[in-house]
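Here are some short exercises for you to try with a structure on your screen. Have a go at each task before you read its solution.

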Amino acid sequence: MDKIVEIKALSKAYTQGHEQTLVLEELDFHISRGEFVSIVGPSGSGKSTFLNIVGLLDDVYSGEILLFGRRLEDLDEDQKALLRLKNIGFVFQFDSLLPEFTVAENIEMPARVLGSGGRKARELLKRFGLEAIADKFPMEISGGEKQRAAMLRALRNAPALLIADEPTGNLDRHNSGVVLDDLRRAADGGTAVLMVTHNEEAARRADRVLRMNAGRLEAQP
Ligand SMILES: Nc1ncnc2c1ncn2[C@@H]1O[C@H](COP(=O)(O)OP(=O)(O)OP(=O)(O)O)[C@@H](O)[C@H]1O
Ligand SMILES: [Mg+2]
């Protein structure tokens, strides 16, 4: 199963009062194992709306979505929740670690929810060159390190799909580069990485750049 996500004719409208606003319109999309895809586009064009649907955080839409070859509409709520927990990792722009836990403990959190144990957090920290912050608390590390730790937490359960909404939005150039290197490493390890960014330079680090335009995703040369 090479295709991680396959979407056909996805439409989504928000209703406010009597007004209906179509945000996504007959959008098609696909991403494969190990592929790094970025999405750019103006503010308000529907990028986060799209990520929320792909990440199973929003199920109000029309169209067909296949995740790991399974049609979403054939799955019940429990199956979707398990699919999300096991196979999808999320990173957001202002991601927050739990302040009362160390970095390693924060990274272990999703595994505890799943009931699987182990010392995977330390392995991940080592692989990404962050062993030094393993036993530090969030208030003892930098913003860039926090963002990277949040990314490792998203990678803890070895998700097939990593969804990142502006993961470098509040980082300087150097730290953005480091986070993008991390995303590339995750993709090289087989994870499909789907990133939204306002930064064209960051976008170009992906294998494929798509632009959100009038409710659809278009390939950007
Ligand atoms: N829960 C909601 N209810 C109603 N309208 C919404 C809701 N969420 C988003 N919208 C509207 O849908 C449109 C798309 O929003 P979205 O957050 O997907 O944009 P975006 O491309 O992620 O923008 P940005 O780059 O600023 O993050 C916007 O016009 C927004 O105001
Ligand atoms: Mg957004």
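The exercises below move from the ligand to ring pairs, one glutamine and two backbone angles.

This is a predicted model, in which local features need pLDDT of at least 70 and side-chain atom pairs count only at pLDDT 80 or more, while totals for chains, interfaces and linings use all residues. Residues are numbered from 1 along each chain as its sequence is written, chains are lettered from A and ligands numbered from 1 in the order in which they are written, and side-chain values use heavy atoms, with hydrogens and water left out.

**Exercise 1. The ligand**

Find which residues surround ligand 1 and which polar contacts they make.

Step 1. Collect the shell, where a residue is near if one of its heavy atoms lies within 4 Å. Ligand 1 is surrounded by Tyr14, Gln16, Val23, Pro42, Ser43, Gly44, Ser45, Gly46, Lys47, Ser48, Thr49 and His198.

Step 2. Sort the shell into classes. Ala, Val, Leu, Ile, Met, Phe, Trp, Tyr, Cys and Pro count as nonpolar, Asp, Glu, Lys and Arg as charged, and the others, Gly among them, as polar. That gives three nonpolar, eight polar and one charged.

Step 3. Look at the elements, which are DSSP runs numbered from the N terminus (helices: H or I, at least four residues; strands: E, at least two). Helix 1 gives the largest share of the shell, three residues; strand 1 (3-16) and helix 1 each supply at least two.

Step 4. Look for pairs of N or O atoms within 3.5 Å; within protein, one must be able to donate a hydrogen and the other to accept it, and residues adjacent in sequence count only if both atoms are side-chain atoms. A polar side-chain atom of Ser43 is 2.4 Å from an oxygen atom of ligand 1. A side-chain N or O atom of Tyr14 lies 3.3 Å from a nitrogen atom of ligand 1.

**Exercise 2. Ring pairs**

How many aromatic pairs are there?

Step 1. Apply the rule: rings of Phe, Tyr and Trp (its six-membered ring) pair if their centres lie within 6.5 Å, and planes under 30 degrees apart count as stacked, over 60 as edge-to-face and the rest as tilted. The count is two aromatic pairs.

Step 2. Phe29 and Phe50 are edge-to-face, with 5.2 Å centre to centre and 80° between the planes. Phe29 is in strand 2 and Phe50 in helix 1, so this pair ties together parts 21 residues apart in sequence.

Step 3. Phe90 and Phe92 are stacked, at 5.8 Å centre to centre with 10° between the planes.

**Exercise 3. One glutamine**

Is Gln147 buried or exposed?

Step 1. Buried means under 20% relative accessible area, exposed over 50%, partly exposed in between (1.4 Å probe, protein chains only). Gln147, in helix 5 (residues 143-155), has 3% relative accessibility, so it counts as buried.

Step 2. Follow the side chain of Gln147: it reaches the backbone oxygen of Phe92 at 2.9 Å and that of Pro167 at 2.9 Å.

**Exercise 4. Positive phi**

What is the phi of Glu26, and what is that of Leu56?

Step 1. Recall that most residues other than glycine have a negative phi.

Step 2. Glu26 has a positive phi of about 50°; it sits in strand 2 (residues 19-32) and is partly exposed at 45%.

Step 3. Leu56 has a positive phi near 65°. Leu56 lies in the loop between helix 1 (47-54) and strand 4 (62-67) and is buried at 11%.
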